[in-house]
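User: Hey, I've got this one open on my screen and I'd like to walk through it with you. Can we start with the strands and wander from there?

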Amino acid sequence: MFFYSLVTSFLFLLLYPYLRRRYSLGFRERMGEVSLPPSSGKRVWIHAVSVGEVKAALPLLRRLSDACLSVTTPTGYKIASQSGIENLFFYPWDLPWVVPRAIEAINPSLYILMETELWPLMITRLKKRGVKLILANGRISDRSYGGYKKLSYIMGGVLSCFDFIGAISEKDRERFVRLGAPAERVFVMGNLKYDSVLEAVDPSIERKMRRLLNLRDEPLWVCGSTHEGEERIAVKVYLKLLKDFPDLRLALVPRHPERARSIADTLLSLGVRFSLRSENPQDKVVLWDLMGELFGLYSVATVVFCGGSLVPLGGHNVIEPASWGKPVIYGPYMDDFLEETRFLEEAGAGFSVADENELYEVVRRLLLDGKARERIQLSLKEYLSRSKGVLERYLSVIDDLLGGGVSN
């Protein structure tokens with residue numbers, strides 16, 4: 001820890017002018033100056049890096065009587081704020097003079113880390129203070145595992161600080177143990193994100209989205225969380241599909257809405273008429289330039305493509321469209337969501353494609369076969385119902401560690 005603290009402190013001082021500009025939003029909180037209302041004595045501090053982790057944490061936050069949430073990214077902060085989370089702040093940097101100040105200000109009885117953003121100094125200091133630690137929704141992708149193995153001498157010490165590690169799958173559990181986590185503290189709990197998305201499914205969302213798009217019986221292809229290069233492929237496929245499905249509509253939702261301008265140029269170069277979501281989204285093609293609406297948009301989709309997967313970026317959350325009973329298509333690069341894609345493929349609802357031609361063939365087949373889409377919807381309802389209860393299992397663990405009285 002001494003060497004780690006020395007290196008991180010040196011890098012921080014070296015990069016301070018850049019960091020001050022880059023992280024101006026929430027800078028004081030990142031420096032450990034966190035302001036929260038007085039605690040009842042059993043405060044639970046949950047850390048969720050960005051949007052996906054925040055959404056997974058929401059059911060826990062709503063059930064815990066004295067909880068606060070930290071995030072790393074501005075997008076995570078925005079989603080948490082829009083969800084009504086009040087005790088919210090940016091995660092303090094893992095620096096030797098910041099961590100003690102933050103811990104003193106927050107004064108947690110329990111620290112819950114969502115997924116696997118492990119900051120050694122914070123975790124070891126919390127442990128020394130006597131704070132209980134849980135790693136929830138633990139997952140280690142193939143890409144991350146190789147890097148963690150190189151740091152196993154550090155990882156083992158950090159993971160051993162946790163009183164309980166909830167792994168998403170047996171494969172994740174085995175990896176945590178290999179990296180040094182005590183086997184008797186690592187359990188397969190399932191994916192908390194399944195509970196969070198199922199909790200959020202509401203028919204009123206679908207009605208609202210249909211009104212927004214003036215959508216009647218026309219089929220809608222939603223391409224969600226797309227990245228550079230994927231929009232052009234999707235639009236070219238869409239133009240081919242129009243020959244068989246002249247009423248087909250397309251919603252393009254880039255992972256980063258600020259890319260909307262460059263995507264608009266792509267659409268114009270291909271001769272496609274479109275509307276921006278922020279304006280009047282009545283055209284057959286709508287380009288989303290706002291955040292926070294993708295989950296609701298999935299409710300009215302006929303077929304879904306999840307981006308970050310035709311380019312080597314690890315993919316994005318496929319459970320959100322699945323929770324609405326939709327067939328989900330993705331490319332070959334789903335490294336960060338292998339467990340979820342296996343889940344969908346077992347349910348007959350996930351379809352992997354290698355390139356533009358396969359994407360066209362699979363979308364076309366699904367648009368043609370309404371009975372297949374009905375079977376997928378029923379299958380997903382059955383499969384996802386088996387995944388319920390993860391939230392209650394975590395609440396039971398929390399009550400055991402803190403002696404009860406922390407959940408509503």
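**Strands, cores and salt bridges**

Analyst: Sure. V44 sits opposite L110 in β4. Keep in mind that this is a predicted model.

User: How many bridges do β1 and β4 share, and in which sense do they pair?

Analyst: Four bridges, in the parallel sense. β4 also pairs with β5, parallel again, over five bridges. One spot to look at there is L113, which stands opposite L135 in β5.

User: Is β4 itself enclosed or open?

Analyst: Largely enclosed by the rest of the structure, because five of the five residues in β4 (residues 110–114) are buried. Both of its faces are covered: L110, I112 and M114 are buried on one side, and Y111 and L113 on the other.

User: OK, what about the open sheet, what's the strand order?

Analyst: That sheet has seven strands in the order β10-β11-β9-β8-β12-β13-β14, with parallel pairing. At the edges are β10 (275–276) and β14 (350–352), each pairing on one side only.

User: And what joins β9 to β11?

Analyst: Three bridges, with the two strands running parallel. For a concrete pair, L250 has V285 as its bridge partner in β11.

User: Switching to salt bridges. How many are there?

Analyst: The count comes to 16. One of them is between the side chains of R101 and E33, at 4.0 Å from N to O. R101 is in helix α5 (residues 99–106) and E33 is in the loop between α2 (27–30) and β1 (44–48), so this pair links distant parts of the chain, 68 residues apart.

User: Are those two buried or exposed?

Analyst: In between. R101 is partly exposed at 34% relative accessible area, and E33 is partly exposed too, at 35%.

User: What about E340, who does its side chain meet?

Analyst: R139, in a salt bridge of 2.9 Å, N to O. E340 belongs to helix α16 (residues 338–346) and R139 to the loop between β5 and α7, and they are 201 residues apart. Here both partners are buried: E340 has 2% relative accessibility and R139 has 14%.

User: Got another one, say with R249?

Analyst: Yes, R249 meets E218 in a salt bridge at 3.8 Å, N to O. E218 lies in the loop between α11 (203–213) and β8 (220–226) and R249 is in strand β9 (residues 249–254), so the pair ties together parts that are 31 residues apart in sequence. E218 is partly exposed at 23%, whereas R249 is buried at 5%.

User: Which residues get joined into one network by shared partners?

Analyst: R28, E33 and R101 are joined that way.

User: New topic: the nonpolar interior. How many residues are in the largest core?

Analyst: 67, and the ones with the most contacts inside it are W221, L297 and I329. Helix α17 (residues 356–368) gives the largest share of this core, six residues. There's also a second, separate core of 35 residues, including V99, A102, I103 and I106.

User: And which residues of α8 are buried?

Analyst: In α8 (residues 152–159), the buried ones are M155, G156, V158 and L159. They pack against α6 (120–129), β5 (132–138), α7 (142–150), β6 (164–167) and α9 (170–178).

User: I was also eyeing L310. Where is it?

Analyst: L310 is in the loop between β12 (303–306) and α15 (319–323). Why call it buried? Because its relative accessible area is 14%, and the cut-off for buried is under 20%.

User: What does L310 touch, leaving aside its close sequence neighbours?

Analyst: Beyond four places in sequence, its contacts include E230, I233, F305, Y333, V353 and L359. S323 is 13 residues from L310 along the chain, and their C-alpha atoms are separated by 22 Å.

User: Last one: which residues make the nonpolar surface patch?

Analyst: F3, V7, F10, L11, L14, L15 and Y18, making a patch of about 730 Å². F10 is found in helix α1 (residues 2–22) and is exposed, with a relative accessible area of 54%.

User: How do nonpolar side chains tend to sit in general?

Analyst: In soluble globular proteins they tend to be buried together.

Note on methods. Residues numbered from 1 in each chain as written. Predicted model: local features only at pLDDT ≥ 70, side-chain atom pairs only at ≥ 80, totals over all residues. Heavy atoms only, no water. Buried < 20%, exposed > 50% of the residue type's maximum accessible area, 1.4 Å probe, protein only. Contact = heavy atoms within 4.5 Å. Core = buried A, V, L, I, M, F, W, Y, C linked by side-chain atoms within 4.5 Å. Pairing = 2+ DSSP bridges. Patch = residues over 30% accessible without salt bridge, like charges linked within 9 Å, V, L, I, M, F, W, Y side chains within 5 Å. Areas by Shrake-Rupley, 256 points an atom, 1.4 Å probe, with all protein chains shown as cover.
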